[in-house]
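Trainee: Got a minute? I'd like a quick tour of this one, starting with the ligand.
Mentor: Sure, let's pull it up.

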Amino acid sequence: MEKLAMEDFAFVSPLTPRSTGDPRVAPVDTVALPELQTFLECVTIAYGVTAAWVAFSDGTPPCFAAPLDTATVAVLTSDVALLSHACSSESQLVVADVTYDPRFPAAAWATASIGIRFFASTPILLEHGKRVGTLCVAAPLPRSLDAAETGKLGALAATVARIIEGARTKHRDDAVQTELHRTKALLDRTGTMAGVGGWEVDLVANTIFWSDETCRIHGVPTGYLPKMSEAIGFYQPHVRPVIEGAIALATATGERWDLTLPFVQKNGTQIWVRAVGTAEFDVGKPVRLVGAFQDITERHLAEVALTISESQFRASFEAASHGIALVSTTGKFLKVNQSLCNMYGYNEAELLDIDFQTLTHPDDLALDLHHVDELLRGAIDTYEMEKRYFNKDGRTIWAQLSVSLVRSPDGAPVHFVSQIQDFTEMKNLTVRLQTLLDTASDGIHILDRDGNVKQFSQSFAVLLGYTAEEASRLNVRDWDAMFEREEISPEICRLMTQPRAFETQFRRKDGVILHVEINAKGVVLDGIEFLYVSARDITERKQHERSLEQGRLFTKDILDSVPSEIAVLDQRGVIVATNEAWRQFALGNGGCIDSASSSNVDVGANYLAVLPDLPAESTDVDIREGIESVINGERPSFSCEYPCHSPEKHRWFLMTVTPMHTGEHGAVVVHSDITARKDAETLMYNYAFYDSLTMLANRRLLQERLNMMIAGNERDGTYGALLVIDLDNFKPLNDQYGHAVGDLLLQEVAKRLKVSVRQVDTVARIGGDEFVVALGALNGSQVEARRAAMVIAEKVRAGLSEKYNFTVHKGAGALPISHCCTASIGVALFSPQGSDQTEIFRRADAAMYQAKHSGRDVVRFSAD
Ligand SMILES: Nc1nc2c(ncn2[C@@H]2O[C@H](COP(=O)(O)OP(=O)(O)OP(=O)(O)O)[C@@H](O)[C@H]2O)c(=O)[nH]1
């Protein structure tokens with residue numbers, strides 16, 4: 001028979017051990033079981049016994065639950081053998097008189113003060129056959145039990161069993177409830193702290209229980225009791241089939257569900273929840289659903305983000321066009337992508353077997369390790385450097401290395417993440433570009449949008465006076481001496497889209513300002529805009545230009561101060577420059593150059609085209625031909641004098657043309673006003689060849705003309721004649737009115753002579769009142785010539801004999817004078833056979849004297 005363990009009797013708690021003086025027994029009261037106590041009291045009355053009690057457990061030590069006083073208990077427990085027998089017996093035990101029962105020879109009860117002689121016991125069995133204890137009765141007198149009484153004793157034991165069972169059940173229920181409450185409170189606290197709620201669905205009662213946290217997650221007050229349909233309604237319509245399917249599966253098969261689902265709280269907020277649940281079965285029938293509920297919105301979103309980020313990292317790691325490696329803190333490759341394998345020429349397994357130091361160019365290793373050390377010490381968070389590696393073939397690879405360090409949460413270095421960009425090709429190109437740049441004499445430099453120098457020629461650094469290392473760190477603001485700092489960025493942007501050449505100023509490192517000619521244009525490299533700038537130092541040229549300009553201004557000042565008109569012609573004869581005098585001359589030519597207005601002798605006009613035809617009197621030289629011959633270098637210079645008379649002024653000019661020796665062919669035309677000189681020359685000429693009083697030819701001119709006439713006669717075979725004319729009775733006029741009046745008469749004589757002869761004839765005054773008329777080419781016949789000469793001589797004589805009338809102004813008055821003055825005229829022919837002037841004069845003089853002697857006022861022909 002299976003016995004209950006001591007802990008099964010916890011329902012009688014509190015167990016109150018009663019001191020018996022015998023350590024072998026531990027009787028307890030049944031105070032905690034009033035129903036049992038009452039029932040046992042009823043048994044003592046009904047059976048007429050002194051005591052009725054229940055011995056619980058297996059009796060080691062025996063445990064009593066009975067309304068017994070301490071003395072009785074002490075007696076009962078003093079005979080352990082009987083009780084042990086009773087408690088171990090599986091059937092009823094009836095001892096009519098213990099005093100005489102051979103099984104209990106040493107029974108102490110009977111002799112005890114209270115005296116127990118009768119004893120009976122029967123096992124107390126629970127429903128399922130487990131023995132819970134033994135029902136015992138005892139009386140002080142011997143007695144027997146009949147069959148009916150014995151059977152009743154079993155029924156009493158069954159009743160006691162039910163009482164005990166009830167007490168046990170109640171006690172267990174109470175304990176379960178207490179534990180449930182305690183557990184629930186603990187769960188609620190834990191759930192709230194952990195953010196996990198619990199729930200339970202009683203499928204039989206169709207009720208739902210939600211923990212506090214579950215209520216909170218749903219957004220309803222704690223203690224809220226939802227209906228089934230309401231609970232499902234918290235899920236969005238498209239999600240409901242999922243949870244409903246999970247429940248259906250769980251209730252059908254017992255399969256647990258664990259789902260992450262979108263969820264809508266009471267206030268409409270959308271969250272993500274983790275719903276875990278399972279079904280409980282009773283005799284194969286689902287009776288309950290229990291589970292947990294958790295708001296995992298943050299974690300879910302983080303997981304989603306992490307998933308995306310991890311997938312992105314994996315994708316970018318593998319698909320990256322540049323090399324990526326995870327490198328241990330000692331330099332060993334831990335993970336490498338395909339691009340890195342391609343770059344180094346090793347396969348993944350080979351790379352994972354070596355470290356980066358092995359592949360690093362020895363010249364770059366120290367710097368790299370220095371950075372690594374800084375990273376590990378935490379002095380820097382990341383570093384970048386340009387470095388060289390060797391690939392498997394031993395070829396040098398130029399790469400841009402970028403390294404960061406991954407640390408564990410406690411800060412310990414875990415591994416490096418290295419990104420390696422192969423720019424060997426670009427480096428080679430750069431080297432070639434640099435070589436090209438360095439051969440450029442101009443300062444070539446390439447700027448980024450911020451004006452930082454990205455590439456430059458050696459000449460650029462030299463131009464600015466910086467070392468190459470210094471130049472590589474320059475910004476355009478460091479050397480520009482033209483723009484305001486804030487103007488530079490907009491200017492760079494403009495130049496990137498609108499290439500331009502312009503002059504600006506640079507400041508050298510030593511502060512010296514350079515004049516620079518810039519040629520700038522935008523270039524796009526790898527999708528990034530740069531500004532390509534070519535800078536040419538034009539400081540010297542500028543200084544030269546300034547000198548030239550000063551020289552030009554100086555020359556201009558000089559030329560403008562020169563009174564001569566100066567113009568510069570180009571190869572075609574176009575006027576390219578003039579001085580101030582020329583411009584004034586052009587403005588005020590006043591009809592001198594009739595066909596040339598001021599505009600067409602100004603700069604831009606072709607001087608050869610607008611050059612006027614000069615008067616025939618001035619020169620027989622072809623001026624255009626003269627100028628062209630100088631321009632063409634056919635003659636060293638050309639000059640001519642020409643009159644340029646305006647209505648107001650009689651003017652003469654000297655044109656001098658000299659070649660231009662600079663640049664292309666050309667000429668400098670200088671006009672000088674030579675009127676004064678010309679006038680002086682005329683005066684001198686007149687003095688030399690003319691009679692100043694009458695402006696008739698003097699003797700010298702007469703002789704020249706006469707020579708020409710004689711030559712002409714010889715050439716033509718004609719005769720000429722010379723008339724010598726001496727006034728008669730002139731002296732009295734002088735004597736009476738003075739020489740001035742005499743002069744008037746002489747001038748009047750000159751006029752009368754001039755009108756008496758042809759233009760080709762010459763009238764001369766060769767003495768005080770002595771005149772000569774030379775008549776050329778009279779006739780080929782001597783006779784005819786003689787007659788013609790005589791006619792003319794007569795005409796002259798008659799003209800001169802006319803009365804001379806003058807008005808002489810003297811003081812305020814005017815004196816009319818009338819004077820009669822005739823002329824004696826001697827005529828001599830000169831033949832085409834050759835004549836001697838002296839001879840001609842001699843003969844004409846002789847004839848004139850004959851006229852004088854003949855009484856004057858007559859004409860006498862030379863007899864020779
Ligand atoms: N007014 C003036 N008188 C002059 C000039 N030259 C000479 N005579 C004068 O001319 C005069 C010439 O003298 P004559 O020929 O003897 O005078 P005449 O009265 O004509 O005498 P006959 O010839 O004999 O008739 C002199 O009295 C000179 O002084 C001159 O330029 N002007």
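Trainee: Which residues come nearest to the ligand?
Mentor: This is a predicted model, to begin with. In it, 13 residues surround the ligand, and Phe 730, Lys 731, His 739, Gly 742 and Gly 768 come nearest.

Trainee: And which elements give two or more residues to that shell?
Mentor: Strand E26 (719-727), helix H24 (731-737) and helix H25 (739-756) do. H25 has the largest share, with four residues.

Trainee: What about the mix of nonpolar, polar and charged residues there?
Mentor: The shell has five charged residues, five polar ones and three nonpolar ones.

Trainee: Back to E26. What kind of sheet is that strand in?
Mentor: An open one with five strands, ordered E27-E28-E26-E31-E32, and the pairing is mixed. Strand E27 (762-765) and strand E32 (859-861) are the edges, each pairing on one side only. From one strand to the next, the twist averages 20°.

Trainee: What holds strands like that together, in general?
Mentor: Backbone hydrogen bonds pair the strands of a sheet, in either a parallel or an antiparallel way.

Trainee: In which sense do E26 and E31 pair?
Mentor: Antiparallel, with eight bridges between E26 and strand E31, residues 823-830. To find a spot on screen, look at Val 724, which stands opposite Gly 826 in E31.

Trainee: Which strands does helix H23 touch?
Mentor: H23, residues 699-716, packs on the sheet and touches E26, E27, strand E28 (770-779) and E31. Its direction makes about 15° with that of E28.

Trainee: And where does H27 lie?
Mentor: Helix H27, residues 837-853, lies across E26, E31 and E32. Relative to E31, H27 runs at about 150°.

Trainee: Changing topic: how many helices and strands are in the protein?
Mentor: There are 27 helices and 32 strands. The protein has 864 residues, and buried ones make up 28% of them.

Trainee: What share of the contacts join residues at least 24 apart?
Mentor: That's 51%, counting contacts between residues at least 6 apart in sequence.

Trainee: One more: how far does H12 reach from its first C-alpha to its last?
Mentor: Helix H12 covers residues 362-377, 16 residues in total, and reaches 23 Å. That's close to the 22 Å expected at 1.5 Å a residue.

Trainee: What comes just after H12?
Mentor: Gly 378, which takes a positive phi of about 85°.

Notes: Residues are numbered from 1 along each chain as its sequence is written. This is a predicted model: local features need pLDDT of at least 70, side-chain atom pairs count only at pLDDT 80 or more; totals for chains, interfaces and linings use all residues. A residue is near a molecule or strand if its C-beta atom, placed from the backbone, lies within 6 Å of it. Ala, Val, Leu, Ile, Met, Phe, Trp, Tyr, Cys and Pro count as nonpolar, Asp, Glu, Lys and Arg as charged, and the others, Gly among them, as polar. A residue is buried if 20 or more other C-beta atoms lie within 10 Å of its own, exposed if 12 or fewer, and partly exposed in between; C-beta atoms are placed from the backbone. Two residues are in contact if their C-beta atoms, placed from the backbone, lie within 7 Å. Two strands pair if DSSP finds at least two bridges between them. Axes are lines fitted to C-alpha atoms, for helices over the stretch in contact, and angles run from 0 to 180 degrees between N-to-C directions. The expected span of a helix is 1.5 Å times one less than its number of residues.
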